[in-house]
Amino acid sequence: MSFWKSWFGRKSVDLVDSGKKPPYLEAKIEEWVDRLKPLARDAWLPETVVHQAEHSSHTKFGGLPYLTQESPWPQCPNCGDHMQLFLQFNLQDHPTKPEEGIIQLFYCTHSDPHCESDLEAFFPFSAAVVCRRVEYKGESLQVTPQIEELFEEKRLNRWEHILDYPTAEEYDDLGLEQMDDEVGEWLYENGYAATSGDKLGGWPLWIQGVEYPHNPQTGEVMQLLFQLDSEVNLPFMFGDSGVGHLTVSPNDEKLMAFGWACY
């Protein structure tokens, strides 16, 4: 992949910071490190374990969702089947600010009809996607899934904390100029970049440019909640090795959107 792994995205947890800087670039590199350090954001990478699929409130990828009478299993308006659970994040599992509530992301993976393309699931607010926050109300409803093939359930085991940095595509909006290629390559190799893979928080790894959704009512820029990468914890590829982003409105925690882009 060219140009610093698509404009400064780094592979999950390959932070090196070896300190071995080419002498003729050392001053420039140090200057850029000083600029980027204040932009560091906390992010957490999920370590998961495969578990028998159960209707439960656990944080998980795939498997069976937590369901209530008020929050039943969403069905796709195009094919009528249940949507696949991509992510369930119990907010009690947040590593720094646990709270009540469960975030759920559903996505229709039905292949005939091909709901992903029919309903343009790659764009935020697609009818092929449901993003919601539900309340815990005791034991989950038990529902037999009407779905082509239920994804394997992977539950959260632990979080790994990292510091995450913006992609070079965000530099203009952050008041940063673009840098020399050699400086950019060093920063990428030493972890001053957006991390790929699945992660909570941090900076989005953009593939085709900065694509934050906006709150349709207020126009506010939505913020990254969770990044989902192709074939990490889900047996699913977003287009051609794409990356998806679950975002939330800063002043409306129940308004969320999911979109993705690929190479």
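A salt bridge here is a side-chain nitrogen of Lys or Arg within 4 Å of a carboxyl oxygen of Asp or Glu. With that in hand, let us walk through this structure, which is a predicted model.

A search of the whole structure for such pairs turns up 11 salt bridges. One of the pairs to look up joins Glu153 and Lys60, whose closest N and O atoms are 3.3 Å apart. This contact ties together distant parts of the chain, since the two partners are 93 residues apart: Glu153 sits in strand E7 (residues 153–164), and Lys60 belongs to strand E3 (residues 60–61).

Not every charged residue has such a partner. On the surface, a patch of negative charge is formed by Asp181, Glu182, Glu185 and Glu189. Residues count towards a patch like this if they have over 30% relative accessible area and no salt bridge. To find the patch, turn to helix H4 (residues 181–189), where Asp181 is located.

Now for the empty spaces. Rolling a probe the size of a water molecule over the atoms shows where empty space is left. The largest pocket holds about 620 Å³ of space. Strands E2 (41–51), E9 (199–201), E10 (223–229), E11 (243–249) and E12 (252–261) are the elements that each give two or more residues to its lining. In total, 26 residues line this pocket, and those nearest its centre are Lys97, Gln223, Leu224, Leu225 and Val248.

A pocket is open, but a cavity is a space where the probe fits and cannot get out. The search finds 1 cavity of 30 Å³ or more in the whole structure, and the largest cavity contains about 40 Å³ of space. Its lining is made of Asp81, His82, Met83, Gln84, Tyr107, Cys108, Thr109, His110, Ile147 and Glu148.

Finally, take a look at the backbone. Most residues other than glycine have a negative phi, and most peptide bonds are trans. Two places in this model depart from those habits. The peptide bond from Asp112 to Pro113 is cis, and its omega is near 5°. You will find Pro113 in the loop between strand E5 (102–107) and helix H3 (115–118). Further along, Phe125 has a positive phi of about 70°, though it is not a glycine. Phe125 also lies in a loop, the one between H3 and strand E6 (129–134).

Technical notes: Residues numbered from 1 in each chain as written. Predicted model: local features only at pLDDT ≥ 70, side-chain atom pairs only at ≥ 80, totals over all residues. Heavy atoms only, no water. Patch = residues over 30% accessible without salt bridge, like charges linked within 9 Å, V, L, I, M, F, W, Y side chains within 5 Å. Areas by Shrake-Rupley, 256 points an atom, 1.4 Å probe, with all protein chains shown as cover. Lys, Arg positive; Asp, Glu negative; His and termini not counted. Charge placed at Lys NZ, Arg CZ, Asp CG, Glu CD. Helix = DSSP H or I, 4+ residues; strand = E, 2+ residues; numbered from the N terminus. 1 Å grid on protein atoms, 1.4 Å probe; cavity = no way out; pocket = protein on both sides within 12 Å on 5 of 7 lines; lining within 4 Å. Points joined across faces, edges and corners; volume = space filled by probe spheres on them.
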